[in-house]
Amino acid sequence: VPSRPAAAQQKKRLVLPAGSWDKATLYRYLHEKRCITEETINEMMQLGILYESFPKHDLIFLGYDRNGEVRYAAVHGTGEASSKKDLPGSEKEYGVHVDRSNAGTVVVTEAVIDLMSYLDLETDRVNILSLGGLYDSPLERYLKEHDEVQDILFALDNDIPGKEAFAKYMAKYGELGFRVSAYPIPEEYKDLNEYLQGMKKR
């Protein structure tokens, strides 16, 4: 049997795009369009989780391992289409997360913008993780590395896939001994960011 080419056997290296010195596009998109506060935007940048790329001026969200090495990077466009993709070489199980407390609860969202929206909607100093979709491999890894977690609060999208995923994960993680609950997004809003925008417009 012919062996696979050496290049195919090697793990693809994650290469991050250059950063922009000008953060105007980032602030305009997140603050003006998505209604996220400058305080939350600044916190994400100070933690090294968020930056604006150059020359495309996309948002780049980063997931780290326990040694502080970037293992995951997601690109979020700032144009009308707001395209989203993971960079080649990303390891999906290293989800974007913010650890702000030693409490035994983790909040779980689908998208990083929902993660940021939760930080604006709620004042509690929580630990929060974005799945980058609906697969739970980032949560599995997070729980292995944070054995103090006993409660999982899912804040998934308020649509059929989000509700079906919550039902599946409530059963899965409940059987593993975790206390599982859902964040109550009002029915008129699709996700946490729509909820945040609705609250800001009242």
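**Exercise 1. State which helices and strands each supply at least two residues to the lining of the largest pocket, and describe that lining.**

Step 1. Strand E3 (70-76), strand E4 (84-86), helix H4 (112-121) and helix H7 (192-200) each supply at least two residues of this lining. Helices (H or I, at least four residues) and strands (E, at least two) are DSSP runs, numbered from the N terminus. The model is predicted: local features need pLDDT of at least 70 and side-chain atom pairs count only at pLDDT 80 or more, whereas totals for chains, interfaces and linings use all residues. Residues are numbered from 1 along each chain as its sequence is written, and side-chain values use heavy atoms, with hydrogens and water left out.

Step 2. E3 gives the most to the lining, with four residues.

Step 3. The largest pocket is lined by 24 residues, and those nearest its centre are His76, Lys84, Glu110, Ala111 and Val112. On a 1 Å grid over the protein atoms alone, a pocket is an open set of points where a 1.4 Å probe fits, with protein on both sides within 12 Å along at least five of seven lines; lining residues have an atom within 4 Å of a point.

Step 4. The volume of the largest pocket is about 420 Å³. A volume is the space filled by probe spheres set on the points, with grid points joined across faces, edges and corners.

Step 5. Sorted by class, the lining has eleven charged, seven nonpolar and six polar residues. Asp, Glu, Lys and Arg count as charged; Ala, Val, Leu, Ile, Met, Phe, Trp, Tyr, Cys and Pro as nonpolar; the others, Gly among them, as polar.

**Exercise 2. Describe the second largest pocket in the same way.**

Step 1. The second largest pocket holds about 250 Å³ of space. Of its 19 lining residues, Tyr64, Asp65, Arg66, His97 and Asp99 are the closest to its centre.

Step 2. Strand E2 (59-64) and helix H5 (137-145) are the elements that give two or more residues to this lining. H5 gives the most, with four residues.

Step 3. The classes are eight nonpolar, five polar and six charged residues.

**Exercise 3. Trace the pairing of E2 with E1 and E3, and state whether E2 is enclosed or open.**

Step 1. Strand E1 (residues 50-52) runs antiparallel to E2, joined by three bridges; two strands pair if DSSP finds at least two bridges between them. Tyr51 stands opposite Ile60 in E2.

Step 2. E1 and E2 form a hairpin with six residues between them, and His57 in the turn has a positive phi of about 60 degrees.

Step 3. E2 and E3 are also antiparallel, with six bridges. Tyr64 has Val70 in E3 as its bridge partner. This hairpin has five residues between its strands, and Gly68 in the turn has a positive phi of about 80 degrees.

Step 4. E2 is largely enclosed by the rest of the structure, because five of its six residues are buried (under 20% relative accessible area, 1.4 Å probe, protein chains only).

**Exercise 4. Locate Ser20 and list its surroundings.**

Step 1. Ser20 is in the loop between helix H1 (6-9) and helix H2 (24-33). Its relative accessible area is 6%, so Ser20 is buried.

Step 2. The Ser20 side chain reaches the backbone oxygen of Asp22 at 2.9 Å.

Step 3. Leaving out residues up to four places away in sequence, Ser20 touches Glu52, Ser53, Phe54 and His57; contact means heavy atoms within 4.5 Å.

Technical notes: Buried < 20%, exposed > 50% of the residue type's maximum accessible area, 1.4 Å probe, protein only. Polar contact = N/O pair within 3.5 Å; in protein donor to acceptor, adjacent residues only side chain to side chain.
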